[in-house]
Amino acid sequence: MKKQGKKRIPRIDTQGRRGRQLRVRKPVLRKRTSAMRRMPALSSFQRYWRRFGYRAGFRDARSVRTYRKDYKRALSELWAKWAKDQPPLMQAAKCGEAAKGYVSGFSKAMRARRPDWVLPPPKLSTAAIVTVPSGKCLSVKTLEQLNRLPLSELIVIAHGTLDRALEKARKTTNALVIYSPDPVGEEEGRNIGARITQSDILLFASGNDESVSAERLVPFIQEMEAGAPDIPQVISRRDTHHSASQDVMVPPRTQLTSIIIPTYNGLPLLKVCVASIRRHTDVPYELIVVDNGSSDGTAAFCMQEKIKLIAAPVNLGFPAACNLGLRLAEGSELMLLNNDTIVTRNWLTNLQRCLHEQPNVGMVGPVTNYASGRQRIRERFTTIVRMTDKYNEANPQRWVETKRLIGMCLLFKREMLEKIGYLDERFSPGHFEDDDYCYRARLHGYRLLIAGDCFIYHKGSVSFRKKPRPLVRETIWRNRQKFIRKWGVDPRKFM
């Protein structure tokens with residue numbers, strides 16, 4: 001047998017004489033593997049638009065390096081920003097191919113593995129609302145498919161179930177989980193999600209439906225982008241009147257007070273606060289805890305105690321957490337309460353009397369041992385019992401009008417919320433958002449009152465004590481400057 005190898009070719013010069021022989025390697029022909037044969041060949045249309053998106057994704061990723069820790073948000077925001085300015089991408093076929101190229105180019109520039117994501121059309125923001133009916137289990141496959149879409153928001157509504165829905169959502173996605181101890185219908189669960197989200201398009205899914213596929217959902221989103229009517233039980237468009245951040249979607253009113261408590265890794269304080277509310281509140285109320293990504297068992301405690309819970313994946317800050325609670329609240333009166341407070345006898349009854357003293361009173365607050373401004377008691381604090389016996393007897397003579405109330409305990413009417421909107425989240429993580437809210441209320445003609453016949457114990461600044469003092473001082477200074485730039489007045493003038 002002949003040896004397969006290098007073939008020798010004689011070298012002949014111009015005189016016809018033989019010279020040194022040249023060695024030429026034979027070309028090696030690669031056989032097409034079965035995997036290569038299964039790969040479909042791309043058409044010229046697909047190659048063009050994928051290359052078009054690839055170049056854009058590569059360029060955008062190279063120009064912005066600050067998103068490395070939040071890869072998915074970066075890809076979603078940059079894709080939407082670029083694709084909105086490309087008129088040809090209004091066609092679904094071109095948009096789909098360009099999106100695939102954009103993901104490839106973006107991941108190549110970021111030196112990351114290409115994710116298995118499906119980019120939706122860029123015009124409108126999309127939120128997925130997953131409802132987990134009572135007695136059903138949350139499917140991880142459903143969350144995995146929805147996680148392939150870079151959604152603006154992913155909300156899981158778990159009502160009347162304790163099947164580790166929160167744990168599954170935390171492990172699989174960065175979803176916002178809302179837990180309600182009372183079983184509600186699927187339609188009511190979707191209404192809750194619609195109140196919480198601020199996205200333009202709402203995508204509804206059942207938490208136990210494993211047939212959900214990201215590829216099947218994208219055509220629905222594309223039809224909504226093109227202006228198609230709502231597709232019942234699958235997808236809908238928010239009313240344009242409620243798409244603005246300051247507008248309020250009003251839930252059904254009930255004659256109770258919604259008490260909203262934001263918390264972050266403060267379980268011991270939260271337990272004491274909740275116990276004091278249940279001990280000293282003798283009027284109808286609902287309790288809503290907004291957990292800002294705690295890791296100390298706050299969510300498990302709320303489920304065990306049958307408390308309405310909003311569990312955020314990360315620390316959103318005080319204003320954003322309060323706004324989530326306000327969107328979920330159903331009461332005709334709304335209260336924002338710090339988790340480091342201890343309420344006392346007749347506290348809510350006395351605050352309600354003060355709030356309804358006159359129609360133009362919009363917001364009231366108690367006196368306390370730890371506060372800045374006029375709400376702090378002038379005498380030396382001894383014990384909660386002694387302070388309660390001295391202050392918590394109904395006495396309208398102790399009601400004092402003020403220009404500012406601190407946010408550790410605020411009680412206000414829903415009609416005021418409907419007029420002035422939610423807290424301004426530009427002041428996150430905290431400080432001066434309560435000053436801004438009070439100033440807006442006064443601009444709308446509402447009076448602010450201090451209920452001197454209601455004492456509440458306040459430990460004070462627990463969350464900010466965990467941070468370095470220079471960082472806290474910088475946050476206070478920065479938010480004070482934001483207030484001055486917004487209103488043209490120093491907030492310290494109203495203290």
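A salt bridge, as the word is used here, is a side-chain nitrogen of Lys or Arg within 4 Å of a carboxyl oxygen of Asp or Glu. Side chains of opposite charge can pair when their charged atoms come close. One such pair is Arg345 with Glu393, whose closest N and O atoms are 3.3 Å apart. This pair links distant parts of the chain: Arg345 sits in the loop between strand E12 (341-342) and helix H12 (347-355), while Glu393 sits in the loop between helix H13 (384-391) and strand E14 (399-402), 48 residues apart. Those labels come from DSSP runs, numbered from the N terminus, with helices (H or I) of at least four residues and strands (E) of at least two.

Before going on, a word on what you are looking at. This is a predicted model, in which local features need pLDDT of at least 70 and side-chain atom pairs count only at pLDDT 80 or more, while totals for chains, interfaces and linings use all residues. Residues are numbered from 1 along each chain as its sequence is written, and side-chain values use heavy atoms, leaving out hydrogens and water.

Back to our pair: how covered up are its two ends? Here buried means under 20% relative accessible area, exposed means over 50%, and partly exposed is in between (1.4 Å probe, protein chains only). Arg345 has 29% relative accessibility, so it counts as partly exposed. Glu393, at 45%, counts as partly exposed too.

The structure holds 17 salt bridges. Another one joins the side chains of Arg426 and Asp424, at 2.7 Å from N to O. Asp424 is buried because its relative accessibility is 9%, whereas Arg426, at 45%, is partly exposed. These two also belong to something wider: Asp424, Arg426, Asp436, Arg440 and Lys486 are linked in a network of salt bridges.

Then there's a pair inside a helix. Arg478 forms a salt bridge with Glu474, with the closest N and O atoms 3.7 Å apart. Both lie in helix H17 (residues 469-487), four residues apart, or about one turn of the helix. An α-helix has 3.6 residues a turn, so residues three or four places apart point the same way. Both partners are partly exposed, Arg478 at 31% and Glu474 at 45%.

Now go back to H12, the helix that follows the loop holding Arg345. Eight of its nine residues are buried, so H12 is largely enclosed by the rest of the structure. The buried ones are Trp347, Leu348, Thr349, Asn350, Leu351, Gln352, Cys354 and Leu355.

Strand E3 (residues 126-132) is mostly covered as well, with seven of its seven residues buried. In a regular strand the side chains alternate between the two faces of the sheet. In E3, Thr126, Ala128, Val130 and Val132 on one side and Ala127, Ile129 and Thr131 on the other are all buried. What does E3 pair with? Strands count as paired if DSSP finds at least two bridges between them. E3 pairs with strand E6 (residues 201-206) in the parallel sense over six bridges, and Thr126 has Ile201 as its bridge partner in E6. Six bridges also join E3 to strand E4 (residues 153-159), again running parallel, and here Val130 stands opposite Val156.

Next, look at two helices earlier in the chain. Glu97 has its place in helix H4 (residues 92-109), and it counts as buried because its relative accessibility is 11%. Phe52 is in helix H2 (residues 44-63) and, at 22%, is partly exposed. The two are 45 residues apart in sequence and 9.0 Å apart in space, C-alpha to C-alpha. Which residues do they touch? Taking contact as heavy atoms within 4.5 Å and leaving aside neighbours within four places in sequence, Glu97 is in contact with Phe45, Gln46, Trp49 and Arg50. On the same basis, Phe52 touches Trp82 and Gln86.

Finally, the empty space. The structure holds two cavities of 30 Å³ or more. A cavity is a set of points, on a 1 Å grid over the protein atoms alone, where a 1.4 Å probe fits but cannot get out, and lining residues have an atom within 4 Å of a point. Grid points are joined across faces, edges and corners, and a volume is the space filled by probe spheres set on the points. The second largest cavity has a volume of about 40 Å³, and its lining is made up of Ser372, Gly373, Arg374, Gln375, Thr402, Arg404, Phe494 and Met495.

Terms used:
1 Å grid on protein atoms, 1.4 Å probe; cavity = no way out; pocket = protein on both sides within 12 Å on 5 of 7 lines; lining within 4 Å.
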